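Visitor: I would like to go through this model term by term. Please set each value against its definition.

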Amino acid sequence: MAIDVTPRAREWLRRKGGVVTLRLSPRHGCCGGGADVTVAEARAPDEPERYTRLEFEDVTLHIDPSLVDQELRVDVDGFLGLRHLFVEGTSPTRARK
Amino acid sequence: MTAHQDATSPDHAEGMGLFERFLSLWVALAMVAGVLLGQFAPAVPETLSRFEYAQVSIPVAILIWAMIFPMMAQIDFSAVLGVRRQPKGLIITTTVNWLIKPFTMFAIAWFFLMVVFQPLIPEPLASQYLAGAILLGAAPCTAMVFVWSYLTRGDAAYTLVQVALNDLIMLFAFAPIVVFLLGVSNIPIPWDTVALSVVLYIVIPLTAGYLTRRTLIARRGSEWYDNVFMKKVGPITPIGLIITLVLLFAFQGEVILEAPLHIVLIAIPLILQTFLIFFIAYGWAKAWKVPHNVAAPGAMIGASNFFELAVAAAIALFGLQSGAALATVVGVLVEVPLMLALVRIANNTRDHFPAAGPEARG
């Protein structure tokens, strides 16, 4: 697996329930078409059976199967007490038809 | 771990739908359809233009909201929390978008439309075209950049942050920049008219988009929002765009039939400006050793425009029949081939930039 979850993201996720979903979120272009952007969310997916489940130390990852082999890094960032999960790496990974 | 930087990039049209790939053709067809409509059934656009409230054309307002709302509804403003992550990329693109681009657009458009093409374009019409160019220069792209970012293997996390940041800045910066540059151009526009267009075509769709996103995600979840709601709402934008263009060209028939060369003359400064801005942002990124997966989308965001907003503001400020509205549409006409050329340049120069990695981040 090429996916990495940074220590600070794991720490933050543990406080949020220890579950993260990595999925592709479509972004529409203004003139048609679009691209899928990889996003990370601190929750279980709506349909877990459609995801690949992986245990990463004490965090459970639900990953879109098309992302499993991607080199991705899940981290958390923010300011003023607000935090936001983000994914770095090759994303979007596919064009949206 | 380092982010994977693939040497191969997607096919230049892979991220693009049929509509988008041939956008220039559809705009040209909308032009023909609109001119025919204006010539043979003038009652249709004239009747539609009569439905006004507080000097705002209701059919046009609905079409513009249809264009803009879906784009606003997909903006994740929480991404702004990552604003410290790629400081170099964000500084470059934000500076280029807001402190350089509006002014170079004004300078280039003024030089060509008011000086070089003076014998070819009557002065009042040249001023209108200049106003359209100013509106284009003050509105940075918010949606298509995801496609350009994809085509250059860009960092989507950075693109999300930059788009969210630009939309927030646009709320406060668009009107002052437009009023200032129109004032410099001796095209006076009452502040209240500009403020009304900002409220109608930025504040209302942005607020509605934000509330819709927040409410529906809270009730139905983000996957339902992305895969069901946005899947239905997203395609409304290009439909709204084309209907707006048909209506707009129905009022522009005389200009297009009498002086089709004007389309080419307007396109020249817009094309030069796009290349100039791309190379300023891209060159700056190279000088600062910004990794390619940030430099390329950053330069693309700098170079491209939020055409729907520019068209909306031009119609609101100057009317459907105005030269300003026509100039903004020329921006739509040249967008896709122009941006694909920049995608090609970015992909062919990838090796001149450092690869993304922990040492390159920030």
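Guide: Start with elements: helices (H or I, at least four residues) and strands (E, at least two) are DSSP runs, numbered from the N terminus. The model is predicted, so local features need pLDDT of at least 70 and side-chain atom pairs pLDDT 80 or more, while totals for chains, interfaces and linings use all residues. Residues are numbered from 1 along each chain as its sequence is written, chains are lettered from A and ligands numbered from 1 in written order, and side-chain values use heavy atoms, without hydrogens and water.

Visitor: What makes a space a cavity, and how many are found?

Guide: On a 1 Å grid over the protein atoms alone, a cavity is a set of points where a 1.4 Å probe fits but cannot get out. Points are joined across faces, edges and corners, and a volume is the space filled by probe spheres set on them. Five cavities reach 30 Å³ or more. The largest has about 100 Å³.

Visitor: Which residues line the largest cavity?

Guide: Lining residues have an atom within 4 Å of a point. There are 13; the closest to the centre are B:T274, B:N305, B:F307, B:G331 and B:L338. Helix 15 of chain B gives the largest share, five residues.

Visitor: Why is the lining divided into eight nonpolar, four polar and one charged?

Guide: Because Ala, Val, Leu, Ile, Met, Phe, Trp, Tyr, Cys and Pro count as nonpolar, Asp, Glu, Lys and Arg as charged, and the others, Gly among them, as polar.

Visitor: What makes the largest pocket a pocket?

Guide: A pocket is an open set with protein on both sides within 12 Å along at least five of seven lines. The largest holds about 890 Å³. Of its 37 lining residues, the closest to the centre include A:H84 and B:R213.

Visitor: Why is the crossing of helix 11 and helix 14 of chain B called left-handed?

Guide: Because the near helix is turned anticlockwise from the far one by less than a right angle; clockwise would be right-handed. The axes come within 12 Å and cross at roughly 35°. Axes are lines fitted to C-alpha atoms, for helices over the stretch in contact, with angles from 0 to 180 degrees between N-to-C directions.

Visitor: How do you know that strand 1 and strand 6 of chain A pair?

Guide: Pairing needs at least two DSSP bridges. Three bridges join these parallel strands of chain A. A:D4 stands opposite A:R73 in strand 6 of chain A.
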